[in-house]
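Trainee: I would like to learn how to read a strand, a ligand site and a cavity in a model. Where should we start?
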Amino acid sequence: MPVTVVVGGQWGDEGKGKITDILAADADLVIRYQGGSNAGHTVVVANEEFKLHLIPSGILHKDCTCLMGGGTVIDPLVLAEEIENLQARGHSCENLRVSYTAHVVMPYHKHIEKLAEEARGRDSIGTTLRGIGPAYADKARRLPRPVRFRDLGNAQQLRKLIADQLSEKNIIIQHKYGQPPLSAEQVFEEIWPAAQKVSAYAIDGQRLVQDALRREQRILFEGAQGTFLDIDCGTYPFVTSSHPVAAGACLGTGLGPTAIDEVIMVCKAYTTRVGAGVLPTEIAGEQGQFLCARGQEYGTTTGRPRRCGWLDGVVARTAAMLNGATYLAITKLDVLDELATIPVCVGYEIDGIMLDTMPSWPDDLEKVKPIYEELPGWQQPLGQIKARDDLPTAAQAYVEKMEELAAVPVKLISVGPSREQTIIIQ
Ligand code: GDP
């Protein structure tokens with residue numbers, strides 16, 4: 001694997017956590033490169049379920065160092081809680097590191113995001129209200145200089161940066177939203193206990209990555225969210241504020257693009273999406289609810305039911321190109337076990353023209369008509385199957401169709417939530 005990126009090929013929630021957890025067993029370094037506590041991974045180990053929002057899934061492997069890269073945004077309150085929870089369950093977190101340069105999600109980011117979403121009413125973006133967007137917006141604004149992870153260990157510096165930020169933010173809070181101003185001292189007091197705890201994990205992340213590369217260590221990058229939630233490549237404006245695509249691994253850690261050897265794109269055997277925005281293969285009514293219930297499609301972070309759709313081959317092909325995918329990891333194939341036939345979108349039609357990749361302009365995407373092919377179902381459980389050749393013929397055909405549509409060979413097929421329920425193709 002020398003340098004591998006695991007990336008979501010749809011709108012997030014593809015099961016990247018499980019795939020990363022499996023690959024992390026062979027990694028020296030596992031890195032999250034973007035996003036914050038708006039991500040949510042569920043990893044099941046020996047029937048024990050771990051829900052992680054910030055910390056990379058590799059944390060469950062003791063010999064593997066886990067880094068939150070400079071491209072992530074960290075809420076110290078969430079990170080401190082996540083560390084405590086893992087420690088209470090016997091995982092020391094001694095192998096955790098956080099880049100000095102990661103930006104910090106502060107209580108005022110969450111407050112302002114909530115006020116802004118409430119003010120937008122029905123036109124809200126549907127964010128997770130974790131303060132991620134406002135933290136990235138401050139990063140792009142640069143001044144007043146926002147709080148970065150290294151600042152958390154220095155009370156005097158932290159106090160100053162909070163006061164600088166609130167001198168501007170309180171104007172917005174008071175005059176745009178008509179709410180009382182926040183007290184800099186109260187914000188400091190709220191954050192300081194967690195800040196002290198988590199600042200122990202701060203390091204020069206860029207140097208850690210470059211040293212690992214020089215020593216030819218096995219590095220695994222763990223993408224959060226998914227390709228079409230990328231702020232540049234996704235279905236804007238219903239996207240996240242960072243770069244989930246594979247290129248984000250470079251931006252978020254200081255890795256040159258030519259250092260990447262493999263990009264494993266995780267795709268669910270069907271499609272889901274949380275919140276607003278276009279979803280061409282969305283299934284209305286009972287069948288959508290069936291997939292949602294059988295796939296347990298409820299957000300790890302928010303608990304919101306996800307919108308469900310049939311597999312979209314145009315999405316898969318476009319995502320494979322955007323990420324330079326070298327392999328496909330198919331997840332949740334077992335969720336389709338009971339269906340007699342399974343529609344698969346093999347192309348889009350727009351104004352009489354056929355497309356095999358997605359239009360990048362959202363209004364055009366709203367207009368596409370998915371073209372479906374009906375594949376036979378297998379109507380038997382896949383959960384115990386250990387080899388590709390042992391899959392029922394119809395399930396093999398479904399996997400082949402996914403490879404054909406994405407134009408990328410499959411490397412892993414997941415047929416259940418646990419580590420053991422994974423077919424690895426050598
Ligand atoms: P992530 O953010 O991409 O890691 O995805 P989530 O963790 O939000 O969603 C994946 C969910 O599906 C988790 O609850 C996993 O335990 C579960 N899961 C992963 N792979 C499979 C699979 O192949 N079959 C089934 N039934 N569940 C799976």
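Mentor: Start with strand pairing, and keep in mind that this is a predicted model. Strand E14, residues 311–312, is joined to E16 by two bridges, and the two run parallel. Within that pair, Asp312 is opposite Cys345 of E16.

Trainee: Which strand is joined to E16 by eight bridges, and is the pair parallel or antiparallel?

Mentor: That is E18, residues 369–376, which runs antiparallel to E16. One position to look at is Tyr348, whose bridge partner in E18 is Pro370.

Trainee: How many bridges are there between E16 and E17?

Mentor: Three, and the pairing is antiparallel, with E17 covering residues 353–355. Glu349 faces Met354 of E17 across this pairing. E16 and E17 form a hairpin with two residues between the strands, where Asp351 has a positive phi near 50°.

Trainee: What should I expect of the side chains along a strand?

Mentor: In a regular strand, side chains alternate between the two faces of the sheet.

Trainee: Is strand E16 largely enclosed or open, and why?

Mentor: E16 spans residues 341–350, and seven of its ten residues are buried, so the strand is largely enclosed by the rest of the structure. Buried here refers to a relative accessible area under 20%.

Trainee: Now the ligand. Which residues come nearest to it?

Mentor: There are 18 residues around the ligand, and those that come nearest are Gly15, Lys16, Gly17, Asp334 and Ser414. To go further, look at individual atom pairs and ask whether the protein atom belongs to a side chain or to the backbone.

Trainee: What does Asp334 offer to the ligand?

Mentor: An N or O atom in the Asp334 side chain is 2.8 Å from a nitrogen atom of the ligand. Ser414 also uses its side chain: a polar atom there lies 2.4 Å from a ligand oxygen atom. With Gly416 the protein atom is a backbone N or O, at 3.1 Å from an oxygen atom of the ligand.

Trainee: Last, the cavities. How many are there of 30 Å³ or more?

Mentor: The count is one. The largest cavity holds about 50 Å³ of space.

Trainee: Which residues line the largest cavity?

Mentor: The lining consists of Ile59, Lys62, Gly90, His91, Ser92, Cys93 and Asn95. By class, two of the lining residues are nonpolar, four are polar and one is charged. When you sort them yourself, count Cys as nonpolar and Gly as polar.

Note on methods: Residues are numbered from 1 along each chain as its sequence is written. This is a predicted model: local features need pLDDT of at least 70, side-chain atom pairs count only at pLDDT 80 or more; totals for chains, interfaces and linings use all residues. Side-chain values use heavy atoms; hydrogens and water are left out. On a 1 Å grid over the protein atoms alone, a cavity is a set of points where a 1.4 Å probe fits but cannot get out, and a pocket is an open set with protein on both sides within 12 Å along at least five of seven lines; lining residues have an atom within 4 Å of a point. Grid points are joined across faces, edges and corners, and a volume is the space filled by probe spheres set on the points. Buried means under 20% relative accessible area, exposed over 50%, partly exposed in between (1.4 Å probe, protein chains only). Helices (H or I, at least four residues) and strands (E, at least two) are DSSP runs, numbered from the N terminus. Two strands pair if DSSP finds at least two bridges between them. A residue is near a molecule or strand if one of its heavy atoms lies within 4 Å of it. A polar contact is a pair of N or O atoms within 3.5 Å; within protein, one must be able to donate a hydrogen and the other to accept it, and residues adjacent in sequence count only if both atoms are side-chain atoms.
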